[in-house]
Amino acid sequence: MSNVEILEAIQTIIRDVFDDEKIVVNENTHAGDIEDWDSLSNIRLTMAIEKHFAVKFGFKELQGMKNVGDMIEIIEGKLRNDMK
C-alpha cells in the first residue's frame, strides 16, 4: 500500500470520525488543524485507524505521532513488516 493510498484512507476515516466530509488532510495535518480533535476523538480516531489497517499502535508510537505524516510512516512500516 502506497503513502497516497494510506493518506486517502486516513482522510476518509478522519471525515467519518469527525462527521465532516469537507476535511482535507495532508502529511502536515495535526490535531490543532481540526476543530473538534480532542483527546476523546483522538482515541476514536486511533481505534478506527487500527481497525481499518489491522495494526496496533504502541504507546511510544502514539506519543511520537505529531502529524498525519508520522502516522502514515508508522502504518507503512507495520504493513511492510506484516508482509514479511
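Before the pocket, one term: a helix here is a DSSP run of H or I, at least four residues, numbered from the N terminus. Keep that in mind for the labels. One caution as well: this is a predicted model.

Let's start with the overall fold. The chain has 4 helices and 0 strands. In sequence order, the pattern reads α-α-α-α.

Next, overall dimensions. Along the principal axes, the C-alpha trace spans about 40 × 25 × 20 Å. How does the radius of gyration sit against the value for a compact globule? For 84 residues, such a globule would come out near 12 Å, and the chain has 12 Å, so the two agree.

Now packing. Of the 84 residues, 39% are buried. Take the contacts with a separation of 6 or more. Residues 24 or more positions apart account for 55% of those. On the outside, the chain exposes about 5,700 Å². Carbon and sulfur atoms supply 50% of that area.

On to the pocket. Why probe at all? Rolling a probe the size of a water molecule over the atoms shows where empty space is left. In this model, the largest pocket has a volume of about 240 Å³. It is lined by 17 residues, and the closest to the centre are W37, N42, L62, M65 and M71.

Which helices supply at least two residues each to that lining? Those are α2, residues 39-53, and α4, residues 68-83. The largest share comes from α2, with 5 residues. What about chemistry? By class, the lining of the largest pocket splits into 9 nonpolar, 6 polar and 2 charged residues.

One residue to finish: V68. You'll find V68 in helix α4. Is V68 buried or exposed? The cut-off for buried is under 20% relative accessible area. V68 has 0% relative accessibility, so V68 counts as buried.

What does V68 touch, leaving aside its neighbours within four places in sequence? The contacts are L7, I10, I14, N26, E27 and T29. A related distance: V68 and A9 are 59 residues apart along the chain. Their C-alpha atoms are separated by 11 Å.

To recap for the viewer. Turn first to the largest pocket, where W37, N42, L62, M65 and M71 are the closest lining residues to the centre. Then go to V68 in α4, and pick out its contacts, including L7, I10 and I14. That's the tour.

Note on methods: Residues are numbered from 1 along each chain as its sequence is written. This is a predicted model: local features need pLDDT of at least 70, side-chain atom pairs count only at pLDDT 80 or more; totals for chains, interfaces and linings use all residues. Side-chain values use heavy atoms; hydrogens and water are left out. On a 1 Å grid over the protein atoms alone, a cavity is a set of points where a 1.4 Å probe fits but cannot get out, and a pocket is an open set with protein on both sides within 12 Å along at least five of seven lines; lining residues have an atom within 4 Å of a point. Grid points are joined across faces, edges and corners, and a volume is the space filled by probe spheres set on the points. Ala, Val, Leu, Ile, Met, Phe, Trp, Tyr, Cys and Pro count as nonpolar, Asp, Glu, Lys and Arg as charged, and the others, Gly among them, as polar. The radius of gyration is taken over C-alpha atoms; the globule rule is 2.2 Å times the number of residues to the power 0.38. Buried means under 20% relative accessible area, exposed over 50%, partly exposed in between (1.4 Å probe, protein chains only). Contact means heavy atoms within 4.5 Å. Accessible areas come from the Shrake-Rupley method with a 1.4 Å probe; for residues, only the protein chains shown count as cover.
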